[in-house]
Amino acid sequence: MDGSSSALKGYMPVLKWFTKRLLIALITIYFAVTLSFFVVKAMPGDPVQALIQMFVSQYYMDYDSAKSLAEAAAPFIPKGSVLHQYISYLISFLHGNLGVSISYSTGTPVKDLLIQSIPWTVLVVGSALIISFAIGILIGTGMAYVHGSKIDSFLAVFFSVIRSIPEYVVALVLLIVFGFHFKWFPTRGAYSPNVTPGFNLPFIKDVLKHAALPILSWVIVHVSGWALSMRASTVTVLGEDYITYAKIRGLPSRRILVSYIGKNAILPLFTSFMLSIGFMFGGSVFIEYIFAYPGVGNLLYQAITMRDTYLMLGVFNIIIVAVVISALIADILYGVIDPRIRRGA
Amino acid sequence: MKMAQNGSSFSELIRNAVEDWIIIPGKIIARNKRGLVGLIIALGYLFVGIVGTHIIQEPQSFTCIPYEPPSILKWPPSFEHPLGCDYIGTDILAQIVYGTPIVLQIALTAGLITTIIGVLVGLTAGFKGGMVDTVLTGITQIIMTIPGLPLIIVLSTVIRTYQPWTIGALIAIRWWTGLAMSIRSQVLSIKQRDFIEAAKVLGMKTHHIILREIMPNLISYIAINFVFAAVGAIYASVGLYFLGVLPISTYNWGVMLNMAYKQAGGGASVAALHYFLAPILAIVLLQTGLILLTYALDEVFNPRIRTEVS
């Protein structure tokens, strides 16, 4: 009896903290959905007229065929007051219904378009994140070991300059050099039209070939950030007393490196790793545009140029949800990994 | 007599200001190789942005001779056109020069707004504490979670503006949050120190404590973050112009990138590289210069190094 109540007492603060954290996450999502809805609805002009204009200017259609196409889309454009539309959007959002696209092929549910594009973005962003994190950790640890040396200070400046180079610049250079000039990699799309999608070797090879340049663009820009963070974090850990003590105890240096320094130095980077997942989702617009990669960022770009209101909202909100959820998971996992926080809570 | 005294104190004021803001920072930056390179690059861009458009003729299409459309391969860099011409015969160097002011204006606006909002929110939250802190931190964290780039893209389709100032403000909308949070935590830790307690016990006014006791500790951090905000704004604005999301009124690096990108698809390759390289180098050099400048900014505001130099 005593034991169980004290165990319960131990969990209460955790539960309270979790509830608070969840509440903030939900408020954030609500706030972002509301904000984006009213911003998008504030776009000037009649949607049908805008659609006609878009068809004429983007696809060089003549006015009559543009008009008939736009009018075909008209029934899919929500009517009524903005407030009314807002409330019905919120309700359907909660049901997982994100409205329909008026531009793609008129009437396609936004949800379907998202389901098609999310895996591509996850593939590129996910692998880029893992690769750049792994390389960055190695370089950062190496730099920390020789910190203060010439090579370390050179690399520190070099990486902080590299970090400021926009990823679209890197992507463009890679596209021109390895795509157009050497023709080593395909220049657009996620897979060639002549392979059959499915779990077969030619398809997987083709997909990887298409994903290589987008992933490489991310990796080049992001490695520097991880390396610099890991360097700073490792330098701090190296100064700790328990490292000195472990050395005095005569522990094998491999063990000190891995379980004393490595573990403790990576820990602070973990939160930013989780947060990056969400933010790279949002930042994928440029790279996906450049390689015409059919991911979420490209979908957002299409929605913007075609003024496809609900598609725009759908992509924007799905990115928000991704960011919020990854932040939430980061917080929870951080508590699980770091024993100090686990006991402190 | 009194007039003369006024005059001398005024000239002294000027002399002190020049000493504080130009001579000492100049000496410090001159000692710091990275910072010096950064400063020269930044001033170079400033010069091009302010004076360049008055020296160099406005770029005009179909002016590169001989005009034979539509291939960029016709106009590689030459003596007359140092960076070559684009595919419709427009001088590339002139385009870069005429695209500079808008980039600098956006960077400056975004940097200023980011810094002002970030410092105000961070100082208030950290200094006041309590309910004010909880509310401000809560709002900041919510805005922080919204991914910046998609937000700016969506906003820019609604606020269709040519004004660099408005675009800068648009970009700053989300960028201030990180600065606000770190200023807040620094204020929280400075507040604990003895000299703040002492100032409070001595009955000093709040604005005196904030301006004279807390701010000097933050100023180098704020200056560096101003530059980082400018770097971020250059990244975002050129990127948005590249995507074609922002309306354009003048020559623009992002648009040049986009034109080069679209042309590259049409079979032109490394032979037409000069068209690509011009805007790419313009961006990368500017970003590099600004980042190098931050290495000196830290020292410029460090009181120990200041006394050492003077």
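Reader: What share of the contacts in chain A between residues at least 6 apart in sequence join residues at least 24 apart?

Author: In this predicted model, the share is 70%. Two residues count as in contact if their C-beta atoms, placed from the backbone, lie within 7 Å.

Reader: Which elements is chain A made of?

Author: Chain A has 14 helices and 0 strands. Its C-alpha atoms fill a box of roughly 85 × 65 × 40 Å along the principal axes, and buried residues make up 36% of its 345 residues.

Reader: Let us pick one helix, then. How do you know that the span of H6(A) agrees with what it should be?

Author: Helix H6 of chain A covers residues 150-163, which is 14 residues, and at 1.5 Å a residue it should span 20 Å. The expected span is 1.5 Å times one less than the number of residues. The C-alpha atoms at the ends of H6(A) are 20 Å apart, so the two values agree.

Reader: What makes a residue of H6(A) buried, and which ones are?

Author: A residue is called buried if 20 or more other C-beta atoms lie within 10 Å of its own. In H6(A), the buried residues are Leu155(A), Phe159(A) and Ile162(A). They cover an arc of only 60 degrees around the axis, so they sit on the same side of H6(A). What they pack against is helix H5 (110-145) and helix H8 (201-238) of chain A. Turned away from that buried side is a face with the exposed residues Lys150(A) and Phe154(A).

Reader: Now to chain B. Why are H8(B) and H10(B) called roughly parallel or antiparallel?

Author: Angles under 35 degrees count as roughly parallel and those over 145 as roughly antiparallel. The axes of H8(B) and H10(B) cross at roughly 170 degrees and come within 9 Å. H8(B) and H10(B) are therefore roughly antiparallel to each other. By class, their contact has 13 nonpolar, 3 polar and 1 charged residues. Among those involved are Ala223(B), Val227(B) and Ile234(B) in H8(B), which meet a set in H10(B) including Leu286(B), Leu290(B) and Asp298(B).

Reader: And how many residues of chain B are in contact with chain A?

Author: There are 31 residues of chain B in contact with 40 residues of chain A. On the chain B side, the elements giving two or more residues are H4 (130-145), H5 (148-158), H8 (206-243), H9 (253-265) and H10 (273-300) of chain B.

Reader: What classes do the residues on that side of chain B fall into?

Author: They divide into 24 nonpolar, 6 polar and 1 charged.

Key:
Residues are numbered from 1 along each chain as its sequence is written. Chains are lettered from A and ligands numbered from 1 in the order in which they are written. This is a predicted model: local features need pLDDT of at least 70, side-chain atom pairs count only at pLDDT 80 or more; totals for chains, interfaces and linings use all residues. Helices (H or I, at least four residues) and strands (E, at least two) are DSSP runs, numbered from the N terminus. Ala, Val, Leu, Ile, Met, Phe, Trp, Tyr, Cys and Pro count as nonpolar, Asp, Glu, Lys and Arg as charged, and the others, Gly among them, as polar. Axes are lines fitted to C-alpha atoms, for helices over the stretch in contact, and angles run from 0 to 180 degrees between N-to-C directions. Angles under 35 degrees count as roughly parallel, over 145 as roughly antiparallel, 65 to 115 as roughly perpendicular and the rest as oblique. A residue is buried if 20 or more other C-beta atoms lie within 10 Å of its own, exposed if 12 or fewer, and partly exposed in between; C-beta atoms are placed from the backbone. The arc is that of the directions from the helix axis to the C-beta atoms.
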